[in-house]
Amino acid sequence: MRKLKNNELERLNVEEFKEATKTPLIIILDNIRSLNNIGSVFRTADAFLIEKIYLCGITAKPPHKDINKTALGATDSVAWEYVENTEELIATLHEEGVVTVAIEQAENATMLNDFNIEKEKRYAVIFGNEVKGVHQKVVSMVSNVVEIPQFGTKHSLNISVSAGVVVWDLFAKLKL
């Protein structure tokens, strides 16, 4: 078995990406502090043709060298928008018929592996601050709260890892 070279991967260029049919999935970053985490989420969004990223609250915006370092150009391909108030964004998305899902540890949360997708709907997943998580006001507003099952000693995963796990799971459920 031989590793493929980058030019053998047949990836889309930026213009092809922008024209491609997107996965009906939106990512909302709620007060993310780490610029590297933001960049990593952009890269994950690019990998799975995510519709859009919303950057909210204190979440930094491109262009920024520390976001670019981990995004590797994904800030040019993935549609994004800054919205200061996450609660107002959630209300707007609800009006548009988007199913909102906070990724959080909460009472009566649905485990990710048990979360069922309706393929004809659009979804927005909200990832919260590295220390405080998704704001309680946002958790109280969303359609669903989903938790990533964990079995070790730590209480949480890094935001960029959480985004990768959740986006892959929902992508697979939407596409299969």
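The exercises below, each with a worked solution, concern a predicted model.

**Exercise 1. Determine which residues of helix α5 are buried, and on which side of the helix they lie.**

Begin with the accessibility of the helix, which spans residues 86-95: T86, L89, I90 and L93 are buried in α5. These residues cover an arc of only 100° around the axis, which puts them on the same side of α5. The spacing fits the general rule that an α-helix has 3.6 residues a turn, so residues three or four places apart point the same way.

Next, turn to the opposite face: the side of α5 directed away from its buried residues carries E88 and E95, which are exposed.

Then ask what the buried side meets. The buried residues of α5 pack against the strands β1 (23-30), β2 (50-56), β3 (80-83), β4 (99-103) and β6, and against the helix α6.

**Exercise 2. Describe what is found at the N-terminal end of α5 and what follows the helix.**

At the N-terminal end, the cap of α5 is N85, a side-chain oxygen of which lies 2.9 Å from the backbone nitrogen of E87. Past the other end of the helix, α5 is followed by G97, and the phi of G97 is positive, near 85°.

**Exercise 3. Place M141 in the fold, classify its accessibility, and list its contacts beyond its sequence neighbours.**

The first step is the location: M141 belongs to helix α6, which covers residues 136-141. The second step is the accessibility, where a relative accessible area of 29% falls between the limits of 20% and 50%, and M141 is therefore partly exposed.

The third step is the contact list, which, once residues up to four places away in sequence are set aside, consists of E87, I90, A91 and H94. Of these contacts, I90 is also one of the buried residues of α5.

As a check on a distant pair, M141 and I67 are 74 residues apart in sequence, and their C-alpha atoms are 29 Å apart in space.

**Exercise 4. Decide whether T23 and T44 are buried or exposed, and state what each touches.**

Take T23 to begin with, which is found in strand β1. Its relative accessible area is 0%, under the cut-off of 20%, so T23 is buried. Leaving out residues up to four places away in sequence, T23 touches F48, L49, I50, E51, F171, L174 and K175. For one of these partners, I50, the C-alpha atom is separated from that of T23 by 5.2 Å, although the two residues are 27 residues apart along the chain.

Now take T44, which lies in helix α2. With a relative accessibility of 15%, T44 counts as buried because the value is under 20%. With residues up to four places away again left out, the contacts of T44 are A163, G164 and V167.

**Exercise 5. Locate the residues with unusual backbone geometry, namely E10, N31 and the pair P62 and P63.**

Consider E10, which has a phi near 55°, a positive value in a residue other than glycine. E10 is found in the segment before α1, and its relative accessible area of 73% makes it exposed.

Continue with N31, whose phi is also positive, about 60°, although N31 is not a glycine. N31 sits in the loop between β1 and α2, where it is buried with a relative accessible area of 14%.

Finish with the prolines: P62 and P63 are joined by a cis peptide bond, with omega about -5°, and P63 is found in the loop between β2 and α3 (65-71).

**Exercise 6. Characterise the largest pocket and the second largest pocket by volume, lining and residue class.**

For the largest pocket, the volume is about 460 Å³. Its lining has 17 residues, and R11, L12, F17, D46 and A47 lie nearest the centre. At least two lining residues come from each of α1 (14-19), α2 (35-47) and α4 (74-77), with the largest share, three residues, supplied by α2. Sorted by class, this lining holds nine nonpolar, four polar and four charged residues.

For the second largest pocket, the volume is about 350 Å³. Its lining has 20 residues, of which I103, E104, S156, L157 and S162 lie nearest the centre. Two or more lining residues are given by each of β6 (123-128), β7 (144-147) and α7 (159-175). The classes here are seven nonpolar, nine polar and four charged.

Conventions: Residues are numbered from 1 along each chain as its sequence is written. This is a predicted model: local features need pLDDT of at least 70, side-chain atom pairs count only at pLDDT 80 or more; totals for chains, interfaces and linings use all residues. Side-chain values use heavy atoms; hydrogens and water are left out. On a 1 Å grid over the protein atoms alone, a cavity is a set of points where a 1.4 Å probe fits but cannot get out, and a pocket is an open set with protein on both sides within 12 Å along at least five of seven lines; lining residues have an atom within 4 Å of a point. Grid points are joined across faces, edges and corners, and a volume is the space filled by probe spheres set on the points. Helices (H or I, at least four residues) and strands (E, at least two) are DSSP runs, numbered from the N terminus. Ala, Val, Leu, Ile, Met, Phe, Trp, Tyr, Cys and Pro count as nonpolar, Asp, Glu, Lys and Arg as charged, and the others, Gly among them, as polar. Buried means under 20% relative accessible area, exposed over 50%, partly exposed in between (1.4 Å probe, protein chains only). Contact means heavy atoms within 4.5 Å. The arc is that of the directions from the helix axis to the C-beta atoms. A polar contact is a pair of N or O atoms within 3.5 Å; within protein, one must be able to donate a hydrogen and the other to accept it, and residues adjacent in sequence count only if both atoms are side-chain atoms.
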